[in-house]
Amino acid sequence: MKRTAILCLLLGLCTMVHAQVLTLKDKDTGRPIEMATIVSETPKAFATTDTRGQADITKFKGAEQIVVRMLGYGTATVSYAQLQESNFGLTIAQEGLS
């Protein structure tokens, strides 16, 4: 029983380590941005942020150009490497505000 519990814990940790979660926030308020779209052509990938402003971007790994859009906000274009350097956090400003 003890071995099974340890095995389940280790498998759960491995799954969490492989998932890369982007957190998108408003530049001025710091609040999470829900329902933003995240798109890449190479590799072909698409995701949207949840109520916490988060999206799994594991399938975007290696992308040179990732476009993040949300109605009322400016568009951000970044690479997967840039997101990795920023610990998978990104802020965007509302249009007309900087």
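Here is a walk through this predicted model, from the overall layout to the core and then out to one exposed loop residue.

Let's start with the chain as a whole. The protein chain holds 2 helices and 7 strands, and if you read along the sequence you meet them in the pattern α-β-β-β-β-β-β-α-β. So much for the order of elements; how do the contacts spread along the chain? Take the contacts between residues at least 6 apart in sequence: 39% of them join residues at least 24 apart. As for the surface, the chain exposes about 6,700 Å², with carbon and sulfur atoms supplying 57% of that area. Of its 98 residues, 30% count as buried.

Now for the sheet. Four of the strands, in the order S3-S2-S5-S6, make up an open sheet with antiparallel pairing. S3 and S6 sit at the edges, each pairing on one side only. From one strand to the next, the twist averages 15 degrees. To look at one of the pairings in detail, pick out strand S2, residues 37–40: S2 and S5 run antiparallel and are joined by 4 bridges. Within this pairing, look for Thr37, which stands opposite Arg69 in S5.

Next comes the core. In soluble globular proteins, nonpolar side chains tend to be buried together. Here the largest nonpolar core has 21 residues, and the members touching the most other members are Ile38, Ile57, Phe60, Ile66, Leu83 and Leu90. Which elements supply at least two residues each of this core? They are strands S1 (21–26), S3 (45–48), S5 (66–69), S6 (76–78) and S7 (89–92), along with helix H2 (80–85).

Ile57 is a handy place to stop and look around. Set aside its neighbours within four places in sequence, and Ile57 is in contact with Gln20, Leu22, Ile38, Tyr80, Leu83 and Phe88. Two names there should ring a bell: Ile38 and Leu83 are, like Ile57, among the core members that touch the most others.

Finally, head out to the loop between S5 and S6, where you'll find Leu71. Is this leucine buried or exposed? Leu71 counts as exposed because its relative accessibility is 81%, and the cut-off for that label is over 50%. Leu71 also has a partner in space from elsewhere in the sequence: Ala36 is 35 residues away along the chain, yet the C-alpha atoms of the two are separated by 7.8 Å.

How values were computed. Residues numbered from 1 in each chain as written. Predicted model: local features only at pLDDT ≥ 70, side-chain atom pairs only at ≥ 80, totals over all residues. Heavy atoms only, no water. Core = buried A, V, L, I, M, F, W, Y, C linked by side-chain atoms within 4.5 Å. Buried < 20%, exposed > 50% of the residue type's maximum accessible area, 1.4 Å probe, protein only. Contact = heavy atoms within 4.5 Å. Areas by Shrake-Rupley, 256 points an atom, 1.4 Å probe, with all protein chains shown as cover. Pairing = 2+ DSSP bridges. Axes fitted to C-alpha atoms, helices over the stretch in contact; angles between N-to-C directions.
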